[in-house]
Amino acid sequence: MIEVKNLKKSFNNSTVLENINFYVNKGETVSLIGPSGSGKSTLLRCIIDLENFDEGEIYIKNKNLKDKNFKNDLLLKMGMVFQNFNLFPHMTVKENIVKTLKLVKKMSEIDANNKAKEVLELVGLYEKRGSFPNELSGGQKQRVAIARALALEPDILLFDEPTSALDPELVKEVLDIIKKLKQEKNITMLIVSHEMKFVKEISDKVIVLDNSKILEIGSSQKIFENPSSTRVKEFLNNI
Ligand code: ADP
Ligand code: MG
């Protein structure tokens, strides 16, 4: 579903990603971990075309992301959930989803309403459909943001630290929704998270990034129980 080959990216002559090579198979949940500033967000942003990169290629569903013939279709197949939710503050929960569906998918009002109901029920927030984002807890806001991303029926969902803006007691409700997506939907997920217990439990594969490079890629068990790199051991011991 995702293949990154020899990716290199710099900002103002400072390299923030280099020699990045990995792939994510259909239906897999892959986590991206590593210290702050190691390039995790930039990598996700390159994959969803919010950043340009200098060298290398990104393939989504075996098609080159930079190929103008495919780009728009590929971007419609991907969704991203951000640390700070990015909900439209002046729209209700339902409108956040309905307006997005009408704009992006040109859906009719009736179809968009039905889809909004379906995804809000999935995240357990249908009863909040008339609330505005500022009337919700952080955990609820993030669940709405996930519902909105799901409404577009993506094949791939990217999560950039979905729980790091939340109070500790609200983290679980969001992680539980992501676990539910893994169990019930066949969505390919690439997740940046510092919640190591969650990462260990949910990931089919873990990628450790440090200082612009991939240090190690392995199964969850390998990375957490027997990493090859001492740097990975240090990072996991310090977190
Ligand atoms: P992470 O998500 O792992 O914390 P980031 O991808 O946000 O790391 O950042 C990687 C590096 O790129 C950091 O040194 C950061 O300061 C730099 N960086 C990120 N975005 C920009 C930008 N728009 N302009 C300049 N430097 C940036
Ligand atoms: Mg980041």
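**Ligand contacts and buried strands**

Colleague: How do you know that Gly39 has a polar contact with ligand 1?

Modeller: In this predicted model, a backbone N or O atom of Gly39 lies 3.1 Å from an oxygen atom of ligand 1. A polar contact needs a pair of N or O atoms within 3.5 Å, so the Gly39 pair qualifies. Ser38 offers a backbone N or O atom as well, 3.2 Å from an oxygen atom of the ligand. With Thr42 it is a side-chain N or O atom that lies 2.5 Å from an oxygen atom of ligand 1.

Colleague: How much of the accessible area of ligand 1 does the protein cover?

Modeller: The protein covers 57% of the 560 Å² that ligand 1 has on its own.

Colleague: Thanks! Which residues surround ligand 1?

Modeller: Among them are Phe11, Val16, Pro35, Gly37, Lys40 and Ser41. Helix 1 (residues 40-47) gives the largest share of that shell, with 3 residues.

Colleague: Let's turn to single residues. Why is Glu51 called buried?

Modeller: Its relative accessibility is 16%. Buried means under 20%, so Glu51 falls inside that class. Glu51 sits in the loop between helix 1 and strand 4, and it touches Lys9, Phe11, Arg45, Cys46 and Lys66, leaving aside residues up to four places away in sequence.

Colleague: And why is Asn64 called partly exposed?

Modeller: Asn64 has a relative accessible area of 24%. Partly exposed runs between the 20% and 50% cut-offs, so this value belongs there. Asn64 lies in strand 5 and, with residues up to four places away in sequence not counted, touches Glu57, Ile58, Tyr59 and Leu74.

Colleague: What makes the pair of Asn64 and Lys66 a polar contact?

Modeller: A polar atom of the Asn64 side chain is 2.9 Å from the backbone nitrogen of Lys66. The limit is 3.5 Å, so the pair is within it.

Colleague: How do you know that Arg231 is partly exposed?

Modeller: The same kind of reasoning applies. Arg231, in helix 9 (residues 230-238), has a relative accessible area of 32%. That lies between 20% and 50%, so partly exposed is the right term. Its side chain makes a polar contact of 2.9 Å with the side chain of Asp210. Beyond residues up to four places away in sequence, Arg231 touches Pro35, Asp210 and Leu215.

Colleague: Now the strands. Why is strand 8 called largely enclosed by the rest of the structure?

Modeller: Strand 8 (residues 188-192) is described that way because 5 of its 5 residues are buried. Thr188, Leu190 and Val192 point one way, while Met189 and Ile191 point the other way.

Colleague: Why do the side chains of a regular strand point to two faces of the sheet?

Modeller: In a regular strand, side chains alternate between the two faces. Strand 6 (residues 78-81) also has both faces covered, with Met78 and Met80 buried on one side and Gly79 and Val81 buried on the other.

Colleague: What makes strand 3 and strand 8 a pair?

Modeller: Strand 3 (residues 29-33) and strand 8 are joined by 4 bridges in the parallel sense. At least two bridges are required, so they count as paired. Within that pairing, Leu32 has Val192 as its bridge partner. Strand 8 also pairs in the parallel sense with strand 7, over 5 bridges, and Leu157 is matched there with Met189. Strand 7 (residues 156-160) and strand 6 are parallel over 4 bridges, and Val81 stands opposite Phe159.

Colleague: Why are strand 2 and strand 5 called edge strands?

Modeller: There is an open, antiparallel sheet of 4 strands in the order 2-1-4-5. Strand 2 (14-24) and strand 5 (63-64) each pair on one side only, and that makes them the edges. Strand 1 (residues 2-11) is joined to strand 4 (residues 55-60) by 5 bridges, with Ile2 opposite Ile60.

Colleague: Which residues have the most contacts inside the largest nonpolar core?

Modeller: That core has 48 residues, and Ile146, Phe159 and Ile178 have the most contacts inside it. A second, separate core of 29 residues includes Leu17, Met78, Ile156 and Ile207.

Colleague: What makes Met189 a contact of Ile178?

Modeller: Contact means heavy atoms within 4.5 Å, so Ile178 and Met189 have such atoms. Other residues that Ile178 touches include Ile146, Phe159, Pro162 and Phe198.

Note on methods: Residues are numbered from 1 along each chain as its sequence is written. Chains are lettered from A and ligands numbered from 1 in the order in which they are written. This is a predicted model: local features need pLDDT of at least 70, side-chain atom pairs count only at pLDDT 80 or more; totals for chains, interfaces and linings use all residues. Side-chain values use heavy atoms; hydrogens and water are left out. Buried means under 20% relative accessible area, exposed over 50%, partly exposed in between (1.4 Å probe, protein chains only). A nonpolar core is a set of buried Ala, Val, Leu, Ile, Met, Phe, Trp, Tyr and Cys residues joined through side-chain atoms within 4.5 Å. A residue is near a molecule or strand if one of its heavy atoms lies within 4 Å of it. A polar contact is a pair of N or O atoms within 3.5 Å; within protein, one must be able to donate a hydrogen and the other to accept it, and residues adjacent in sequence count only if both atoms are side-chain atoms. Accessible areas come from the Shrake-Rupley method with a 1.4 Å probe; for residues, only the protein chains shown count as cover.
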